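Dear colleague,

Please find below the structure I am handing over to you, with its sequence. My account of what was found in it follows directly after.

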Amino acid sequence: MIVIDNLLTSDEVKQFRSALASIPFNDGKETAMGMAAGVKNNGQADAQHERTQHLANLLLAKLGNHSKVVSAALPQRIFPPCFNRYSESQNYGYHVDAAIMRIPNTPDVLRSDMSMTIFLSDADTYDGGELVIQTGFGEQHIKCDAGSAVLYPSSSLHKVTPVTKGERVAAITWIQSMISDPQIRQTLFELDQAIQSLIATESANREQLDQLHHVYHNLIRQFAAV
Ligand code: NI
């Protein structure tokens, strides 16, 4: 599970929130597949609406250019983000995200390797509405401030607890990674983060950095399915 702080600036969050306020929201059940429909209780911005598609494209561009997102997910495909809203007493019970998703208006499908929630409401503006993810170390409860995001394995069981006060607005998306194996992907992320922090120290030896880069890229070459 990886937190991406300040994916969006506070101005960008305001821009998203004010645009979303003018877009019709539908019952989230309409887009839930199979068993998820039975536990999904939220609103979802009309995906066919021109303004929703514009916002989704803005967010896609942000994600594709964000170094930590790229490093952590090594994305091959990113699903156009969806925007959801939980008003008081709304929630989404435990579910698993669909493994294969059809990308709207294209012949392409995506295998969901990582799920992402991008928070658009500040944590102190609503009660409840926590993203809860089951992990090998028990339940993780996540609530980030507006503009920050969390990446987690799509294979995990997860839920959003009922909002008891206020309103929780967020974007969600799914990523197909070039590296399907989560452990290899995680190790590559750690290696890249170590290289980046070495680069940030001015005393780093250029030749040794080149050797590490060489190893990193050859591992990508070995494991990436593109
Ligand atoms: Ni989900």
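Along the chain, the donors of the nickel ion follow the spacing H-x1-D-x60-H. In this predicted model, the protein donors are His95 through NE2, Asp97 through OD and His158 through NE2, and they lie 2.1 to 2.2 Å from the nickel ion. Asp97 sits in the loop between β7 (91-95) and β8 (100-102), while His158 belongs to strand β15, so this pair ties together parts that are 61 residues apart in sequence.

Each donor can also be described by its surroundings. Asp97 is buried, with a relative accessible area of 11%. His158 is buried at 3%, and His95 is buried at 7%. His95 is part of strand β7, and its side chain reaches the backbone oxygen of Gly93 at 2.9 Å. Not counting residues up to four places away in sequence, His95 touches Ala36, Val39, Ser156, Leu157 and His158; one of these, His158, is itself a donor of the nickel ion.

The strands that carry the two histidines belong to a sheet. Strands β7 and β15 appear in an open sheet of five strands, ordered β3-β7-β15-β12-β13, with antiparallel pairing. Its edge strands are β3 (40-41) and β13 (138-142), each of which pairs on one side only. Within this sheet, three bridges join strand β12 (residues 131-135) to strand β15 (residues 158-160), and the two run antiparallel. His158 enters here again, as the bridge partner of Ile133. As general background, strands of a sheet pair through backbone hydrogen bonds, either parallel or antiparallel.

A further strand deserves your attention. Four of the five residues of strand β6 (residues 82-86) are buried, so the strand is largely enclosed by the rest of the structure. Two bridges join β6 to strand β4 (residues 43-45), the two running antiparallel; in this pairing, Gln44 has Asn84 as its bridge partner. Five bridges join β6 to strand β17 (residues 168-177), again antiparallel, with Cys82 standing opposite Ile172.

Cys82 leads to the matter of disulfides. A disulfide is a covalent bond between the sulfur atoms of two cysteines. How many disulfides does the model contain? The count comes to zero. The cut-off for a disulfide is a sulfur-to-sulfur distance within 2.5 Å. The sulfur of Cys82 has its closest cysteine sulfur in Cys144, at 19 Å, which is too far for a bond. Both residues are buried: Cys82 has a relative accessibility of 16%, and Cys144 has a relative accessible area of 10%.

Two loop residues complete this account. Asp113 lies in the loop between β9 (109-111) and β10 (114-119). Is Asp113 buried or exposed? At 11% relative accessibility, Asp113 counts as buried, because the limit for that term is under 20%. Its side chain makes a polar contact of 2.8 Å with the side chain of Arg111. A polar atom of the Asp113 side chain also lies 2.8 Å from the backbone nitrogen of Ser177. Leaving aside neighbours within four places in sequence, the residues in contact with Asp113 are Tyr152, Pro153, Ser154, Ile175, Gln176, Ser177, Ser180 and Arg185.

Ser121 is found in the loop between β10 and β11 (127-128) and counts as buried at 2% relative accessibility. Ser121 and Asp108 are 13 residues apart in sequence, and their C-alpha atoms are 32 Å apart in space. The side chain of Ser121 forms a polar contact of 3.2 Å with that of Arg17, and a polar atom of the Ser121 side chain lies 3.5 Å from the backbone oxygen of Glu167. Beyond its neighbours within four places in sequence, Ser121 is in contact with several residues, including Tyr126, Asp145, Ala146, Arg168 and Val169. Cys144, described above with Cys82, is also in contact with Ser121.

With kind regards

Note on methods. Residues are numbered from 1 along each chain as its sequence is written. This is a predicted model: local features need pLDDT of at least 70, side-chain atom pairs count only at pLDDT 80 or more; totals for chains, interfaces and linings use all residues. Side-chain values use heavy atoms; hydrogens and water are left out. Buried means under 20% relative accessible area, exposed over 50%, partly exposed in between (1.4 Å probe, protein chains only). Two strands pair if DSSP finds at least two bridges between them. A polar contact is a pair of N or O atoms within 3.5 Å; within protein, one must be able to donate a hydrogen and the other to accept it, and residues adjacent in sequence count only if both atoms are side-chain atoms. Contact means heavy atoms within 4.5 Å. Donors are N, O and S atoms within 2.8 Å of the metal (3.2 Å for Na, K and Ca); water is not among the atoms, so sites may look incomplete.
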